[in-house]
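I opened this entry to keep track of what I looked up, beginning with a single loop residue and then turning to the strands.

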Amino acid sequence: QVQLVESGGGLVQAGGSLRLSCAASGNIFMINAMGWYRQAPGKQRELVATITNGGSTNFVDSVKGRFTISRGNAKNTVYLQMNSLKPEDTAVYYCNAELRAPLAGENRWGKGTLVTVSS
């Protein structure tokens, strides 16, 4: 199994920065890619950013140029650096791990960390 634990959320003023971290444990060799999703009140969960083991990244348009995603050297940690935060970035941010074969298509989720951006 793969377990994910997020940290780094909190309250920040608009224009500020936060860095989220996610540590994976367990069968980390099963991880194909990691990423961050978010869910704002009353909205569906949406992809924020992903990064593969090879370093390829993908971002939702609304955060391009403001957020960066990176992996730790041991590949069991993923970071989300969030700059120029906006009130609309307020959400619970979830760490995600996409698994490789033979569990391809399966995902693991952290419990989430709350990011609140005040105007």
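**Loop residue and sheet**

I started with G42, which I find in the loop that joins strand 4 (31-39) to strand 5 (46-52). The model I am reading is a predicted one. Is G42 buried or exposed? I looked up its relative accessible area, which is 86%, and since exposed begins over 50%, G42 is exposed. I then took the distance from G42 to V2, 40 residues away along the chain, and noted a C-alpha separation of 29 Å.

V2 led me to strand 1 (residues 2-7), where I followed the side chains and saw them alternate: V2, L4 and E6 are buried and point to one face, while Q3, V5 and S7 point to the other face and are not buried.

Next I asked which strand pairs with strand 1 over six bridges. I found strand 3 (residues 18-26), in the antiparallel sense, and within strand 3 I noted S21 as the residue opposite S7. Strand 3 also pairs with strand 8 (residues 77-82), again antiparallel and over six bridges, and here I recorded M82 of strand 8 as the bridge partner of L18.

I then put these pairings into the order of the sheet, which is open, has four strands and reads 1-3-8-7 with antiparallel pairing. At its edges I have strand 1 and strand 7 (67-71), each of which pairs on one side only. As a last entry, I noted that neighbouring strands of this sheet are turned against each other by 15° on average, with direction ignored.

Notes
Residues are numbered from 1 along each chain as its sequence is written. This is a predicted model: local features need pLDDT of at least 70, side-chain atom pairs count only at pLDDT 80 or more; totals for chains, interfaces and linings use all residues. Side-chain values use heavy atoms; hydrogens and water are left out. Helices (H or I, at least four residues) and strands (E, at least two) are DSSP runs, numbered from the N terminus. Buried means under 20% relative accessible area, exposed over 50%, partly exposed in between (1.4 Å probe, protein chains only). Two strands pair if DSSP finds at least two bridges between them. Axes are lines fitted to C-alpha atoms, for helices over the stretch in contact, and angles run from 0 to 180 degrees between N-to-C directions.
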